[in-house]
Amino acid sequence: MEKKRCGWCEKDDLYRKYHDEEWGTPVYNDRTLFEFLILESFQAGLSWYTILSKRDNFRKAFDHFDYKKIAVYDSQKIEELMNDAGIIRNRLKILSAVTNAQKFMEVQKEFGSFSEYIWGFVNGKPLDQKPKTLSDIPATTDLSDFIAKDLKKRGFKFMGSTVVYAHMQATGMINDHIESCFKRL
């Protein structure tokens, strides 16, 4: 019998694999949280499918999302990234990845880990929205608005409420699997 999934992931194997193995699974590892922050920020204005299809290229181009390395990228590395056809070549997004790596480490210093900081907004446990259908899933919430404002205050870039909400979904801070999805059952 075919597994029932959230409707957004039915179109192809890349989406199904991501849905089945990652989306909505709680992530507490700082490196993985950083990877999703960067990927979500690059997704702003684009489809998530575009980002997923380029994910391996992003990993190679951005030193496997090693935020310590990214935080010290110089102008030569920025130009190298601007010339990499395997990623999204948006200078502002590339520069924001450098800034966000620096801010990420500042948060780590303050809270002990980025995970402690970000999961603190949900008391360390996923929120369960219990959506019945895809139309029950919002693009933003009051909580994503609040987190986005806090990230912005801390100097993060390309971290608006929609990006933050998508990050919360991807890293399992919010369970937005629909009622009939096998991941919910």
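**Helix α6 and two pockets**

In this predicted model, helix α6, spanning residues 75-82, has four names on its buried list: K77, I78, L81 and M82. These residues cover an arc of only 145° around the axis, which puts them on the same side of α6. There is a simple bit of helix geometry to keep in mind here. An α-helix has 3.6 residues a turn, so residues three or four places apart point the same way. As for what sits over the buried residues of α6, the cover includes α4 (55-61) and α7 (91-111).

Next come the pockets. The largest pocket has a volume of about 400 Å³. Its lining is made up of 16 residues, and W8, W23, W48, A166 and Q169 are the ones that lie nearest the centre. Helices α1 (13-21), α2 (30-43) and α10 (161-170) each give two or more residues to this lining, with α10 supplying the largest share, 5 residues. Sorted by class, the lining of the largest pocket comes out as 12 nonpolar, 3 polar and 1 charged residues.

The second largest pocket holds about 200 Å³ of space. Around it sit L14, K17, Y18, E21, E22, L52, S53, K54, R55, D56, N57 and R59. Here the elements that give two or more residues are α1, α3 (48-53) and α4. Helix α1 thus turns up in the lining of the largest pocket and again in that of the second largest, while α4 also helps to cover the buried residues of α6. By class, the second largest pocket is lined by 3 nonpolar, 2 polar and 7 charged residues.

Notes
Residues are numbered from 1 along each chain as its sequence is written. This is a predicted model: local features need pLDDT of at least 70, side-chain atom pairs count only at pLDDT 80 or more; totals for chains, interfaces and linings use all residues. Side-chain values use heavy atoms; hydrogens and water are left out. Buried means under 20% relative accessible area, exposed over 50%, partly exposed in between (1.4 Å probe, protein chains only). The arc is that of the directions from the helix axis to the C-beta atoms. Contact means heavy atoms within 4.5 Å. On a 1 Å grid over the protein atoms alone, a cavity is a set of points where a 1.4 Å probe fits but cannot get out, and a pocket is an open set with protein on both sides within 12 Å along at least five of seven lines; lining residues have an atom within 4 Å of a point. Grid points are joined across faces, edges and corners, and a volume is the space filled by probe spheres set on the points. Ala, Val, Leu, Ile, Met, Phe, Trp, Tyr, Cys and Pro count as nonpolar, Asp, Glu, Lys and Arg as charged, and the others, Gly among them, as polar.
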